[in-house]
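Visitor: I should be grateful for a close look at a single part of this model. Please choose one helix and describe its course, its buried residues and its surroundings.

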Amino acid sequence: MSYTGSNAATSRSPKAGSGLIPKATVPLGTKKARKHPLEFIERTLREQVVGQDDAVTAITRALTRAAAGFRNKEKPIATLFFSGPSGVGKTQAVKALAQAIHNDPKAVLRVDCSEFSEPHAISRLIGSPPGYVGSDLPVIFDKEEIEGREWSIILFDEVEKAHPALHNMLLHIMDEGRVTLARKTHESSADVDFTSSIIVMTSNVGSRDVSSLLESKGIGFSGTRPTPRKESVDQAVRREMEKAFSPEFRNRITDFVVFNPLDRPTQRQVLDLILDQSLARFASAGFAVQVQPRLKEFLLDEGYDAELGARPLILQVERHIDAEVAHLFSAGEIKPGDYVVADRDRRGRVTFKRAERVRGKDTEPAAMLAGGEGRAGA
C-alpha cells in the first residue's frame, strides 16, 4: 500500500495500524514441502564437498540471490573467497559447482595466480598492446568464452601469490563487472563483461596458523584428538587475510568462507568418494572391485592427516589400490568380466581375490566372493 499527499512529505515514519501501512501479521518462511529452486545444485555440492556445510550454504545463498534477480546486475553474480588449509576441498567445491551448473567439472576458467607473480605476466590475461611482444597471442580472458556462457565460473587459484597488479584488476572486475583488453580481439567492444560470471578465489592464507592450532591440539598423523574449534580456525585465517589483502579488496567480496580441517569421520567419507572414483574407472575397463571395510580402515590409518587434508588419502588409494589393480590387469590376472575383492590379511598385506561371475538372469556377481588369491601389495 502506498501513501501520498501531506503524509508523504512528513519526516515521521507511518506506524503500523495507522491505515497507512498494513499491520504485518503473516510470518514468512520456506515451506519444507516446497522445493528450493537451486536444490539440485545444493544437493550436488553436499554430496561432493564433505564436511564443509558453511561453504555450501554460502554458495547456495549467493546463487539464490542471483537467480531471484535480487543482485546488482552491474557486478558479477557472486564473488566468493575460499580460504583454509590445503586439501580440505576448496578446489573440489569449484569443480562440484561446475558439475552442478554445467554438467561438467572442467567447465571452469582457471587462473593459476602463482604464474602471475610478476607485473608483465598480466598481459597473458588481457593481451599486449599492438606492436608489443606477444600482441598476437591469445588472451586468457577470451570475450567469447566468458560472455558466451551464462553463469560462467572463473577461478583465481592461490590468489595471494599474484602480483598486486592482478589484485587491482580483480578490484575492477568485482566493482565494475568488466575489464578492458589491451587490444580488440573481436569487432565488438574491447570490454569483457563478467556480470554473468561467478568469481571464485581460493587461498591458503592462514594455513601456518591452522597448522599451529592442529599441533597444539595434539593431532596430525595420529588423529587421536579432535580438530580445533571452528571459531579458532576462522579467526586465525581472517587475521592473516587482513595482512595479505587491502581493505578495499576484502570489502568487495560477496562471501568469505573458511574451509575447516577435516576430522577423521569426515575423512572416512572423503575416502569413500575417492574409492568410488577408482571403482568407476575399473568398471569402465569391464571388471568390478570391492574394497572390504578392513582395508578401508587401513587406508584411513595410513592416510589420515588433519593438516594435509585429503591428499594423503588419494596417495594411499593410488598406491595400494590403483597401482596394484593396474599391475594385475596388465599381467592378465584380471580380465573383463571379473569380480575382484580387495582386502587386508592377518599379516597386514593388501590382497586381491577373484571370484568367477555366476552368469544368470537374476544373479549379481557380488554373491560370489570366494576365489583364488591375487598379487599381494605392500
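Guide: What follows is an account of one helix and its neighbours, and then of some further local features. The model is a predicted one.

The part chosen is helix 13, which comprises residues 311-330. Its 20 residues reach 26 Å from the first C-alpha to the last, close to the 28 Å expected at 1.5 Å a residue. The helix nevertheless bends, by about 40° at Glu318. After helix 13 comes Gly332, whose phi is positive, near 85°.

The buried residues of helix 13 are found on both sides of Glu318 in the sequence: Pro312, Leu313, Gln316 and Val317 are among them, as are His320, Ile321, Asp322, Glu324, Val325 and Leu328. In an α-helix there are 3.6 residues a turn, so residues three or four places apart point the same way. The cover over the buried residues of helix 13 includes two helices, helix 11 (264-284) and helix 12 (293-303), together with strand 9 (339-344) and strand 10 (350-355).

Helix 12 may be considered from its own side. Its buried residues are Leu295, Phe298, Leu299, Leu300 and Gly303. These pack against helix 13, and also against helix 11, strand 8 (288-291), strand 9 and strand 10. Helix 11, strand 9 and strand 10 thus appear among the partners of helix 12 and in the cover of helix 13.

A separate packing arrangement involves helix 2 (residues 39-48) and helix 4 (residues 90-102), whose axes lie 9 Å apart at an angle of about 145°. The crossing of helix 2 past helix 4 is right-handed. Helix 2 contributes Phe40, Ile41, Thr44, Leu45 and Gln48 to the contact, while helix 4 contributes Gln92, Ala93, Ala96, Leu97, Gln99, Ala100 and Ile101. Classified by residue type, this contact of helix 2 with helix 4 holds eight nonpolar and four polar residues, and no charged ones.

Two loop residues other than glycine also have positive phi values. For Trp151, phi is near 60°; this residue lies in the loop between helix 6 (143-147) and strand 3 (152-157). Trp151 counts as buried because its relative accessibility is 17%, below the 20% cut-off. For Glu158, phi is near 50°, and this residue is in the loop between strand 3 and helix 7 (164-176).

Terms used: Residues numbered from 1 in each chain as written. Predicted model: local features only at pLDDT ≥ 70, side-chain atom pairs only at ≥ 80, totals over all residues. Heavy atoms only, no water. Helix = DSSP H or I, 4+ residues; strand = E, 2+ residues; numbered from the N terminus. Expected span 1.5 Å × (residues − 1). Bend = angle between axes of the 7 residues up to and from the residue. Buried < 20%, exposed > 50% of the residue type's maximum accessible area, 1.4 Å probe, protein only. Contact = heavy atoms within 4.5 Å. Axes fitted to C-alpha atoms, helices over the stretch in contact; angles between N-to-C directions. Left-handed = near helix turned anticlockwise from the far one by under 90°. Nonpolar A, V, L, I, M, F, W, Y, C, P; charged D, E, K, R; others polar.
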